[in-house]
Protein chains: 2
Amino acid sequence: MKNNKLKFDIIKTKGKARVAKLNLNGKTITTPVFMPVGTKATIKSMILDILNDPKYTGTDKKIGIILANTFHMYISAGHKTVKYFGGLHKFQNWDGLILTDSGGFQVFSLGLDKRSSRNKSLVKIKNDGVWFRSPKDGSEHIFTPEKVVDIQGDLFSDIMMVLDVCSPVHGNDKKQTAKQMNLTHIWAKKAFDYFENKYNDLNGVLFPIIQGGLHKDLRLESLDFLNNYAWDGIAIGGVSVGETKEEMYKVVDWLSNSLLENKPRYLMGVGTPEDLLETIYQGIDMYDCVLPTRLARHGVAFHSSGERIRIKNSIHKMSKDSLDNECQCFTCKNFTRGYLHHLFKEKEMLGSTLLSLHNIVHLHNLTEQIKKDILS
Amino acid sequence: MKNNKLKFDIIKTKGKARVAKLNLNGKTITTPVFMPVGTKATIKSMILDILNDPKYTGTDKKIGIILANTFHMYISAGHKTVKYFGGLHKFQNWDGLILTDSGGFQVFSLGLDKRSSRNKSLVKIKNDGVWFRSPKDGSEHIFTPEKVVDIQGDLFSDIMMVLDVCSPVHGNDKKQTAKQMNLTHIWAKKAFDYFENKYNDLNGVLFPIIQGGLHKDLRLESLDFLNNYAWDGIAIGGVSVGETKEEMYKVVDWLSNSLLENKPRYLMGVGTPEDLLETIYQGIDMYDCVLPTRLARHGVAFHSSGERIRIKNSIHKMSKDSLDNECQCFTCKNFTRGYLHHLFKEKEMLGSTLLSLHNIVHLHNLTEQIKKDILS
């Protein structure tokens, strides 16, 4: 096993939950952490600096890591262009860490389009990689395990993901899921063999991705195989793909006893405040999800009560309440629900910005609260 | 003439140009000033606090006044709602001054729609006011000189405008323009009579608006009449309505010798960097224009060379240059043209935010440079 670049020091545990310091490329974050998603080198509607300014977040605890999407960067600006600009950090002016996904999930999403027969030949999974048509211009592309490492290297990613086959939970039998898992393992081996040769040329570390659907034996088989590659950390994939919350929590529970203690565990594409609360106590360290920003753009805000505020609802038109009076973010401290309602009714961009800020801060503060609980 | 609420102290003049301190409701700004337009209680895509944060503007000279549109606030949130929330300042969390226009220009715009026969009965100018249909829901409304004062009072406007008839420069003969000017005068008298009774109940001051199209005698007649109401300042209307720049500068030149020395002069709906440079030296003190933010949303940025940068142009895709390397704003200091190009190509909201910031700062800095020249 490679001498790890990523340092992961567990400070305190409480049951399966842990607080740890993660250090990589001279930058340190504390886990558990929620990573806001900056799909195309921008967290939609946000100036990144604001996310780490106590004036706007109401906390001096900084958000030290964000995510970017390999697939979307490949299709939009292009990895060669981003490399030319000195990598994603410089490109988007972010001095924290950046995790990039592998594109496996986006391929899965294109595959869903295929099944709905809207785009019959948008994606094909072959033994050596994934063939797909760009949803942008119809051009043809192939992602191989090696190419996806190269792309993420060009993006100057700090934490890279292997190309995987994300198994759907519906319309997939166990045999198919097993086949997809095995291909994920073959690709992981290829990716790590390739990565090992390039290791010293790259900034980043590489995480394998556990698949196996909702089948306990497959999930444990996948974990057992991929623990060999958990040099710097490991990810749980094939979640947030249509399963129920209970099913997702069960998958995490099956894995939780066999995950390596001293490596960070990343639950991909999760989650909601409830998901974080549940799975941090199952031993998960890292999260990402478009939910806080996507909900925000639709006028939906997290609330400390656990409910969601739909700000376009007419009951808020004359409300002088803040969005969440337990929240110290800029949005909650300075604006009424009535004003936010007005912005959304008039389709003013500022509405998305203010709600995105609040929702990201909400999840950030939730992890901070849970950390306090673990440390206490 | 009323004892003026607004204090206007000229510090220095250079030819017709002047630098002055304008104090109203406990707030002081220095003129000449460009007022960014916050149409519906938000400067599109901007957090207002950013506009006065040296980190983002690159200057400690603050933007102390913004504009809101009476017509749009009336049609959107509604003045009664804004009043319920404690006025526009509280509603949008802005502690600087706010100037509101009267709706005259928007009525003019609806009138243009009428002439193009798209919306035959969208607006009718009658002797006692303007009848119009809401472009939002087709409902019928009347703006009278008195009602427009009341609406602006409910908005807690600092500087209000009288309802005027904005004469188009095309498709209008001199007789029509004279008739519209006379109605503007009758309405101004009504507005000021009404305002005088309410004066002590209102935060704001009221400016009359000079009309008269491109006719020197009418313009001077209008100024002569309205100087009686220039208690706190005066506005030049009927510009930025399709005339050439030379015609507009000529109008200002005609008026410039007869405008009261010790009152601020506001050139409505102007302008471009060139317009500011030209007309400040003709003695204008105040400006507003949607141009910097509207251009920004279309990917067009002001540049210190006087040219405009069209960031969507493919020549910028691989450019590591800043938008304007003479500019100290957050956008120019932290991002390449290549990144900004990417944001616009991908229709990411952050592009509008970053270019709006730059364009507003550009005009702000231009007024600061001209002030220095006048003071030197």
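**Close-ups of a predicted two-chain model**

**View 1. Around the rotation axis.** Of the residues of chain A, A:M349 comes closest to the rotation axis, its C-alpha sitting at 3.8 Å. Keep in mind that this is a predicted model. To lay chain A on chain B, you turn it by 180° and shift it 0.0 Å along the axis, and the RMSD comes out at 0.0 Å. That's the relation of a two-fold axis. As for the interface, 100% of the interface residues of chain A are interface residues in chain B too, so the copies meet through the same surface.

**View 2. Helices α7 and α8 of chain A, packed together.** Here α7(A), residues 145-154, packs against α8(A), residues 174-198, with the axes 8 Å apart and an angle of about 45° between them. That angle makes α7(A) oblique to α8(A). The crossing, as α7(A) passes α8(A), is right-handed. On the α7(A) side, the residues to look for are A:P145, A:E146, A:V149 and A:D150; they meet A:W187, A:K190, A:A191, A:Y194, A:F195 and A:K198 of α8(A). Sort this contact by class and you get six nonpolar and four charged residues, with no polar ones.

**View 3. A salt bridge along helix α15 of chain A.** The side chains of A:E368 and A:K371 pair up in a salt bridge, at 3.0 Å from N to O. Both belong to α15 (residues 349-375) of chain A, and because they are three residues apart there, about one helical turn separates them. Zooming back out, the count over all chains comes to 36 salt bridges.

**View 4. A cis bond ahead of B:P32.** Going from B:T31 to B:P32, the peptide bond is cis, with omega near 5°. To find B:P32, go to the loop of chain B between β3 (27-31) and β4 (33-36).

**View 5. A cis bond ahead of B:G271.** The peptide bond from B:V270 to B:G271 is cis as well, this one with omega near 25°. B:G271 sits in the chain B loop that runs between β14 (265-267) and α11 (273-280).

**View 6. Positive phi at A:A41.** What is the sign of phi at A:A41? Phi is positive here, about 65°, even though A:A41 is not a glycine. Look for A:A41 in the loop between β4 (33-36) and α1 (48-51) of chain A.

Key:
Residues numbered from 1 in each chain as written. Chains lettered and ligands numbered in written order. Predicted model: local features only at pLDDT ≥ 70, side-chain atom pairs only at ≥ 80, totals over all residues. Heavy atoms only, no water. Axes fitted to C-alpha atoms, helices over the stretch in contact; angles between N-to-C directions. Helix = DSSP H or I, 4+ residues; strand = E, 2+ residues; numbered from the N terminus. Parallel < 35°, antiparallel > 145°, perpendicular 65-115°, else oblique. Left-handed = near helix turned anticlockwise from the far one by under 90°. Contact = heavy atoms within 4.5 Å. Nonpolar A, V, L, I, M, F, W, Y, C, P; charged D, E, K, R; others polar. Least-squares fit on C-alpha atoms with pLDDT ≥ 70 in both. Salt bridge = Lys/Arg side-chain N within 4 Å of Asp/Glu carboxyl O.
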